Amino acid sequence: MTRFVLRRLLQSVVVLLGVTLVVFLLLQLVPGDPVRVALGTRFDQQTYDALRERSGLDRPLVAQYVSYVGHALTGDLGVSFRSGQPVTTIVLERLPATLSLAVTAVLLALLVAFPLGVLSAVRSGSALDHAARVFSQFGVSVPDFWMGIMGILLFAGVLGWLPPSGYVALTEDPARWASHVILPATAVGLVTASILTRFIRSSVLEVLSEDYVRTAEAKGLRARVVVVRHVLRNALIPVVTVVAVQLASLVGGVIVIEVLFAWPGVGRLTYDAVQARDYPVLQGAVLFVAALFLLMNLLVDVLYARLDPRIGLR
């Protein structure tokens, strides 16, 4: 296990280097001068030249990239053009908000998708199965930002039950945090639940057709025992992958929802960095998301071996 984890960590470093190179090269194609945008009305040639020199933008591209990677290996992702704060500090400050939203959305999705997907597979062809498939198709077809807008109009505008936007830290006031997270988490969670429902249903149906399941049923075991002991554990293996990928995707991909609900997370930070041409912040946010994806992949591989001993760690 230790050898496997160390090998995967080394591979992750190589992947992250590739990510930094691709992002760095793509940013060079973006039109506009980030230093000029950062200065705004405070622009004068002396300040402009000083900021370019301090940011290293006056050096050749190869030197800029080598310098960035060297500092990144020590945890230094540069300084924001706009605020002058370290990028690592900015991203870490925004990460709890995004993680709280993403984890809440995935938990909500699992609470809906897991029982619905299992019951849909066990009662294949029933009215419940048809309803589950309609829900799944609806969730995949409707964008989460539309659900968010409808939620704001109904629960914040018409009924006045929930705040339309804003954020309160979980550690500061759990009750207010819950009232603010319900709408964005539901908007994202319903879409995620529809995706998970389809995967869980397909996975359970596949396992139900296996010989060992039919043998268990022939031995006279109750249907609940067969499903819980023999079906779910084997059906969970592909679902684990989907859940991990969805969680990682939500951390880096809820930009529209965070902007819509004024949620100060990594997605909103990325959006603001693109608008302001704040390249160090943009690079840092992308690097954090890529690292999270790699971490999720590693955890999935380890969970595979725990769920099914036949799967080895190579």
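**Exercise 1. Find where P115 lies, and decide whether this residue is buried, partly exposed or exposed.**

Step 1. Start with the element: P115 lies in helix 5. Helices here are DSSP runs (H or I, at least four residues), strands are runs of E with at least two, and both are numbered from the N terminus.

Step 2. Now the surface. P115 has a relative accessibility of 37%, so it counts as partly exposed. For the cut-offs, buried means under 20% relative accessible area, exposed means over 50%, and partly exposed is in between (1.4 Å probe, protein chains only).

Step 3. Look across to I200: its C-alpha atom is 9.2 Å from that of P115, although 85 residues separate the two along the chain.

A word on the model before going on: it is predicted, so local features need pLDDT of at least 70 and side-chain atom pairs count only at pLDDT 80 or more, while totals for chains, interfaces and linings use all residues. Residues are numbered from 1 along each chain as its sequence is written, and side-chain values use heavy atoms, with hydrogens and water left out.

**Exercise 2. Describe how helix 5 and helix 8 pack.**

Step 1. Two numbers do the job here: two packed helices are described by the angle between their axes and the distance between the axes.

Step 2. Helix 5 covers residues 87-122 and helix 8 covers residues 174-208; they pack at about 35°, with axes 5 Å apart. The axes are lines fitted to C-alpha atoms, for helices over the stretch in contact, and angles run from 0 to 180 degrees between N-to-C directions.

Step 3. Next, the hand: helix 5 and helix 8 make a right-handed crossing. That word applies if the near helix is turned clockwise from the far one by less than a right angle, and left-handed if anticlockwise.

Step 4. Sort the residues of this contact and you get 23 nonpolar, eight polar and one charged. Nonpolar covers Ala, Val, Leu, Ile, Met, Phe, Trp, Tyr, Cys and Pro; charged covers Asp, Glu, Lys and Arg; the others, Gly among them, are polar.

Step 5. Zoom in on I195, which lies in helix 8. Its relative accessible area is 23%, so I195 is partly exposed. The C-alpha atoms of I195 and A113 are 8.3 Å apart, with the two positions 82 residues apart along the chain. Leaving out residues up to four places away in sequence, I195 touches V140 and Q246, where contact means heavy atoms within 4.5 Å.

**Exercise 3. Work out which residues of helix 6 are buried, and why they line one face.**

Step 1. Check the length. Helix 6 (residues 127-141) has 15 residues and spans 21 Å from its first C-alpha to its last, close to the expected 21 Å. The expected span is 1.5 Å times one less than the number of residues.

Step 2. Pick out the buried ones: D129, A132, S136 and G139.

Step 3. Look down the axis of helix 6: these buried residues fall within an arc of 95°, so they line one face. The arc is that of the directions from the helix axis to the C-beta atoms. As background, an α-helix has 3.6 residues a turn, so residues three or four places apart point the same way.

Step 4. Turn to the face away from the buried side, and you meet the exposed residues A127, V134 and S141.

Step 5. The buried residues of helix 6 pack against helix 5, helix 7 (144-158) and helix 8. On the helix 5 side, take S120: at 0% relative accessibility it counts as buried, and among the residues it touches are D129 and A132.

**Exercise 4. Which residues does T98 touch, and is T98 buried or exposed?**

Step 1. T98 sits in helix 5, and its relative accessible area of 0% makes it buried.

Step 2. Beyond four places in sequence, T98 touches L250, V251, E258, W263, G265, V266 and G267.

Step 3. Two of these, V266 and G267, also appear among the buried residues of helix 12 (residues 266-276).

Step 4. In the loop between helix 11 (255-260) and helix 12 you'll find A262. This residue has a positive phi of about 50° although it is not a glycine, and at 36% relative accessibility A262 is partly exposed.

**Exercise 5. How many helices and strands does the chain have?**

Step 1. The chain has 13 helices and zero strands.

Step 2. Of its 314 residues, 40% are buried.
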